[in-house]
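Trainee: Hey, can you walk me through this one? I'd like to know how to read it.
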Amino acid sequence: MPFEFKPYAMKDGKFGPTPNGHFYMPMPYHNPTAARRANKSRWILDPSQQYNVFELADTSLGDRANWMNDDESGLYGMLDSCRMVLGKDGDERLAFFPATRNEADPWHGYPVDSLEIGEDLIAFWFDQQLIDRITYIRLMRHEI
């Protein structure tokens with residue numbers, strides 16, 4: 001079943017808080033209408049939809065507080081077992097939200113490939129039946 005986006009309104013340039021108390025601030029250079037820039041991927045999602053992905057990645061599920069990467073560098077997000085394309089520059093199906101330096105700072109994020117996602121997070125998604133076996137194998141091989 002396709003992911004159903006909830007409409008969210010931005011207040012003071014950010015969305016939130018999530019159930020974990022975090023805010024999300026979209027960066028203009030990652031938005032779909034931004035000019036193409038080296039080393040800056042762009043979403044196909046509008047800012048409210050980006051927040052939906054962040055909220056999902058930041059929300060408690062199972063025995064994990066969130067979808068933090070194994071190295072604790074940030075959160076990963078995905079929708080519909082990685083079937084939904086999130087980025088417009090390379091068919092990216094994952095989103096990465098770098099950890100903030102200060103707990104009170106808003107998060108931001110951008111679409112990415114699977115080159116740096118951790119195996120423990122991938123295994124968790126599979127164990128929770130959030131991804132199927134084929135997606136699990138492709139993520140483990142860094143093919144998404």
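Mentor: Sure, one term to begin with: helices (H or I, at least four residues) and strands (E, at least two) are DSSP runs, numbered from the N terminus. Keep in mind that this is a predicted model, where local features need pLDDT of at least 70, side-chain atom pairs count only at pLDDT 80 or more, and totals for chains, interfaces and linings use all residues. Residues are numbered from 1 along each chain as its sequence is written, and side-chain values use heavy atoms, with hydrogens and water left out.

Trainee: Okay. Where is P17 found?
Mentor: P17 sits in the segment before α1, the helix that covers 47-58. The peptide bond leading from G16 into P17 is cis, and its omega is near 10 degrees.

Trainee: What do most peptide bonds look like?
Mentor: Most peptide bonds are trans, and most residues other than glycine have a negative phi.

Trainee: Then which residue has a phi near 55 degrees?
Mentor: That's S81, a residue other than glycine with a positive phi. You'll find S81 in the loop between β1 (74-77) and β2 (94-98).

Trainee: Is S81 buried or exposed?
Mentor: S81 counts as buried because its relative accessibility is 8%. The cut-offs are under 20% relative accessible area for buried, over 50% for exposed, and partly exposed in between, with a 1.4 Å probe and protein chains only.

Trainee: What about Q129, what's its phi?
Mentor: Q129 isn't a glycine, yet its phi is positive, about 60 degrees. Q129 belongs to the loop between α2 and α3, and it counts as exposed because its relative accessibility is 71%.

Trainee: And Q128, where is that?
Mentor: Q128 is also placed in the loop between α2 and α3. Q128 counts as partly exposed, since its relative accessibility is 33%. From Q128 to R141 you go 13 residues along the sequence and 19 Å through space, C-alpha to C-alpha.

Trainee: What comes after α3?
Mentor: H142 follows α3, and its phi is positive, near 60 degrees.

Trainee: Which residue caps the N-terminal end of α3?
Mentor: D132 does that job for α3 (residues 133-140), with a side-chain oxygen 3.4 Å from the backbone nitrogen of I134.

Trainee: New topic: how many salt bridges does the structure hold?
Mentor: There are four. A salt bridge here is a side-chain nitrogen of Lys or Arg within 4 Å of a carboxyl oxygen of Asp or Glu.

Trainee: Which side chain does R83 meet in a salt bridge?
Mentor: R83 meets D132, at 3.8 Å from N to O. This pair links distant parts of the chain: R83 is in the loop between β1 and β2, D132 is in the loop between α2 and α3, and they are 49 residues apart. R83 is exposed because its relative accessible area is 52%, while D132 counts as partly exposed at 33% relative accessibility.

Trainee: And what does D89 pair with?
Mentor: D89 forms a salt bridge with R36, and their closest N and O atoms are 3.8 Å apart. Again the pair links distant parts of the chain, with D89 in the loop between β1 and β2, R36 in the segment before α1, and their positions 53 residues apart. D89 is partly exposed because its relative accessible area is 22%, whereas R36 is exposed at 60%.

Trainee: Which residue forms a salt bridge with D91?
Mentor: R93 does, with the closest N and O atoms 3.4 Å apart. Elsewhere, R36, R42 and D89 are joined into one network by salt bridges that share partners.

Trainee: What about D58, how far is its nearest side chain of opposite charge?
Mentor: That side chain is R64, 11 Å away, and D58 is buried yet has no salt bridge. For charges, Lys and Arg count as positive and Asp and Glu as negative, while His and the chain ends are not counted.

Trainee: Which side chain does D58 join in a polar contact?
Mentor: The side chain of T18, at 2.5 Å. A polar contact is a pair of N or O atoms within 3.5 Å; within protein, one must be able to donate a hydrogen and the other to accept it, and residues adjacent in sequence count only if both atoms are side-chain atoms. D58 itself is found in helix α1.

Trainee: Last one: where is D120?
Mentor: D120 has its place in helix α2 (residues 119-127). D120 is exposed because its relative accessible area is 54%.
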